[in-house]
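Subject: Structure for your files, with notes

Hello,

Here is the structure you are taking over. My notes follow below it.

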Amino acid sequence: MPEENLDHIDFAELHKKAISQPLVTNIYTADPSAHVFDGKIYIYPSHDVDAGDAFDDLGSHFAMEDYHILSMETPTDTHAKDHGVSLHVKDVIWAEKQMWAPDAAEKDGKYYLFFPAKDCNGIFRIGVAISDSPTGPFTPEQEAIKDSFSIDPAVFQDDDGSYYMYFGGIWGGQLQRWRTGEFKSEDPESPFAFLPEENEPSLCAKVAKLSTDLLSFAEPVKDVVILDESGKPLLQGDTDRRFFEASWMHQYNGKYYFSYSTGDTHFLCYAIGDHPYGPFTYAGRILNPVVGWTSHHSICAFQGKWYLFYHDSSLSNGVTHLRCVKVTELHYDEAGKIITIDPYK
Ligand code: FUB
């Protein structure tokens, strides 16, 4: 992920054109996972910091150490409340660094924070921490979720009360290193080793049903297959459409919408299926590229309207790893297609 050349961007103009503004400005935030708990919006973001690490394709410059939870009375508020540190990496025994994009779920009055971090071997795992409050503080489990790997957990509650975790990310997210079911540690400096060829089916996000206590996988992980219009899996070379990272799942009119980032082509896209496991058929773009290399999101309904929570790097005038979370309304057409959003008018 090369450091971007920002010389061509007029940031004063960009701020004016932005369709929405940062929800908090006291800290840098990213990867917003939004949920409605007890009638209020809670946002579970990454907390971006500048730790001085050099830019690289592995994302070493994303050196986050803790999580802050944000809340809003309604998505039309211009600012969110920052509830302070809810979990720090120093309190997670199994984790060493890089607290990347989290998500949360509620069950029976308890709140579960799911988060990826690198362990002391430099391998991304996914952990879980529990609280009586949606804003924490969260108490982490002693070990990462058994058989978890890679990044970007997104936990979806289905109508029947089952919970599913979607996860994974390529390049720095290490998904390609798990293709055989075991972690490949050779050639550790290259994020491109072990990727499929361009004409092979693309790497898939992963999904697993969670156990009833939400602390483990209830089954072996499965691929989240995305098909093209002719029913064939998207290819690795189809970089405008294939999965890269940042999974999310929501339901609309009885269909399951799996959404994700295309990473190096910077789109948020979605695919529609009839079951939480898919398969899903590619359906289009949700958000065109934002300022900053990464794009990440969540989709959440509130009082009959739908909202896209997303981020860009506008608050830092374009610094890739210093981002800010935002929200905008999202619309569907009559056929259930999401109308593509331009982040700057
Ligand atoms: O915030 C670190 C990483 O950047 C996330 O895990 C990715 O989804 C991307 O947003």
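In this predicted model, an oxygen atom of the ligand sits 2.5 Å from an N or O atom in the side chain of Asp 152. The side chain of Asp 31 also has an N or O atom 2.5 Å from an oxygen atom of the ligand. For His 296, the distance from a polar side-chain atom to an oxygen atom of the ligand is 2.7 Å. The protein buries 99% of the 270 Å² that the ligand exposes when taken alone; accessible areas come from the Shrake-Rupley method with a 1.4 Å probe, and for residues only the protein chains shown count as cover.

The residues around the ligand include Ser 46, Met 64, Trp 100, Ala 101, Ile 151, Glu 245, Thr 294, His 311 and Arg 323, in addition to Asp 31, Asp 152 and His 296. A residue is listed there if one of its heavy atoms lies within 4 Å of the ligand.

Two notes on how to read the values. Residues are numbered from 1 along each chain as its sequence is written, and side-chain values use heavy atoms, with hydrogens and water left out. As the model is predicted, local features need pLDDT of at least 70 and side-chain atom pairs count only at pLDDT 80 or more, while totals for chains, interfaces and linings use all residues.

The chain as a whole

The protein chain has one helix and 21 strands; these are DSSP runs numbered from the N terminus, with at least four residues for a helix (H or I) and at least two for a strand (E). Its C-alpha atoms fill a box of roughly 50 × 45 × 45 Å along the principal axes. The radius of gyration is 18 Å, which agrees with the value near 20 Å for a compact globule of 345 residues; this radius is taken over C-alpha atoms, and the globule rule is 2.2 Å times the number of residues to the power 0.38. Of the 345 residues, 59% count as buried (buried is under 20% relative accessible area, exposed is over 50%, partly exposed is in between, with a 1.4 Å probe and protein chains only).

Strands E1 to E4

Strand E1 (residues 28-37) is mostly covered, with eight of its 10 residues buried. E1 pairs with E2 in the antiparallel sense over eight bridges (two strands pair if DSSP finds at least two bridges between them). Ala 34 has Ile 43 in E2 as its bridge partner. The two strands form a hairpin with two residues between them, and Asp 38 in the turn has a positive phi of about 50°.

Strand E2 (residues 40-48) is also joined to E3 by three bridges, again antiparallel. Here Ile 41 stands opposite Met 72.

What makes E3 largely enclosed? Seven of the seven residues of this strand (residues 66-72) are buried, so the rest of the structure largely encloses it. Asp 66, His 68, Leu 70 and Met 72 point one way, Tyr 67, Ile 69 and Ser 71 point the other, and all are buried. In a regular strand the side chains alternate between the two faces of the sheet.

E3 pairs with strand E4 (residues 81-88) through five bridges in the antiparallel sense, and Asp 66 stands opposite His 88 there. His 88 is buried, at 18% relative accessible area. Its side chain reaches the backbone nitrogen of Lys 90 at 3.0 Å.

Strands E19 to E21

Three strands make an open antiparallel sheet in the order E19-E20-E21. The edge strands, each pairing on one side only, are E19 (297-302) and E21 (324-330). Strand E20 (residues 305-312) is joined to E21 by seven bridges, and His 311, listed above among the residues around the ligand, has Val 325 in E21 as its bridge partner.

His 321 lies in the loop between E20 and E21 and is buried, with a relative accessible area of 5%. A polar contact of 3.3 Å joins its side chain to that of Asp 50. Such a contact is a pair of N or O atoms within 3.5 Å; within protein, one must be able to donate a hydrogen and the other to accept it, and residues adjacent in sequence count only if both atoms are side-chain atoms.

An exposed loop residue

Glu 229 lies in the loop between strand E14 (226-227) and strand E15 (245-252). At 66% relative accessibility, Glu 229 counts as exposed. Its side chain makes a polar contact of 3.1 Å with the side chain of Arg 241.

Regards
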